[in-house]
Amino acid sequence: MTKMIDIQHLKKTFGENEVLKDISATVNKGQVICIIGPSGSGKSTFLRCLNVLEHPTAGKIVFDGTDLASLKDGKELDQLREKMGMVFQNFNLFPNMNVIENVKLAPMKVKGISEKKLNKKA
């Protein structure tokens, strides 16, 4: 199987609080995984680190051949983020649009994909 994301010894601390402790995992193309645990166990921090919305304290997150943990905010990180998706716990839809319109909005605005192309995919 083809590796999609390879996480190596990921660690995240906030001051003295060590939230993520030496996490290593691989997600292969086409694989579906679930991250479960009690409230406060670091699930959201882990996902935020994978998308580098939080910069890990240590470790590697290899996605598409690039270690995301080594990147600072910039064009290269933005381009890699376009290839991955994340649904936030508390997301908001635009109330003046239906679900399909909300789903199509980002690809139309960010990637310039036509609405006609997105209708079937959405």
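Ile-33, Ile-35 and Leu-47 together make a nonpolar surface patch of about 220 Å². That is a good place to start a walk through this structure, which is a predicted model. One member of the patch, Ile-35, sits in the loop that links β2 (17–28) to α1 (43–50). Ile-35 counts as partly exposed, because its relative accessibility is 34%.

**The sheet**

From the patch we can move to the strands. An open sheet is formed by four strands, and their order is β2-β1-β3-β4, with antiparallel pairing. At the edges are β2 and β4 (66–67), each of which pairs on one side only. Helix α1 packs on this sheet and touches β1 (3–14), β2 and β3. The direction of α1 makes about 120 degrees with that of β1.

The two pairings below come with a bridge count and one pair of residues that stand opposite each other.

| Strand pair | Bridges | Residues standing opposite |
|---|---|---|
| β1 and β2, antiparallel | Eight bridges | Ile-5 and Val-27 |
| β3 (residues 58–63) and β4, antiparallel | Two bridges | Val-62 and Asp-67 |

The hairpin of β1 and β2 also deserves a look: two residues lie between its strands, and Gly-15 takes a positive phi near 65 degrees there.

**Two buried residues**

Is Leu-10, a residue of strand β1, buried or exposed? Leu-10 counts as buried, since its relative accessibility is 0%. What does Leu-10 touch, leaving aside residues up to four places away in sequence? Its contacts include Leu-20, Lys-21, Asp-22 and Ile-23, and also Phe-46 and Cys-49. Pro-56, Ala-58, Gly-59 and Ile-61 are among the contacts of Leu-10 as well. For Pro-56, the C-alpha atom is separated from that of Leu-10 by 6.8 Å, although the two residues are 46 residues apart along the chain.

Asn-28 has its place in strand β2. With a relative accessible area of 17%, Asn-28 is buried, because the cut-off for that label is under 20%. Not counting residues up to four places away in sequence, Asn-28 touches Met-1, Thr-2, Lys-3 and Met-4.

**Putting it together**

Leu-10 in β1 and Asn-28 in β2 thus belong to two strands that eight bridges join. Ile-35, by contrast, lies in the loop between β2 and α1 and is partly exposed at 34% relative accessibility. Along with Ile-33 and Leu-47, Ile-35 brings us back to the nonpolar patch on the surface.

Note on methods
Residues are numbered from 1 along each chain as its sequence is written. This is a predicted model: local features need pLDDT of at least 70, side-chain atom pairs count only at pLDDT 80 or more; totals for chains, interfaces and linings use all residues. Side-chain values use heavy atoms; hydrogens and water are left out. Patches are made of residues with over 30% relative accessible area and no salt bridge: like charges are joined within 9 Å, nonpolar side chains (Val, Leu, Ile, Met, Phe, Trp, Tyr) within 5 Å. Accessible areas come from the Shrake-Rupley method with a 1.4 Å probe; for residues, only the protein chains shown count as cover. A salt bridge is a side-chain nitrogen of Lys or Arg within 4 Å of a carboxyl oxygen of Asp or Glu. Buried means under 20% relative accessible area, exposed over 50%, partly exposed in between (1.4 Å probe, protein chains only). Two strands pair if DSSP finds at least two bridges between them. Contact means heavy atoms within 4.5 Å. Axes are lines fitted to C-alpha atoms, for helices over the stretch in contact, and angles run from 0 to 180 degrees between N-to-C directions.
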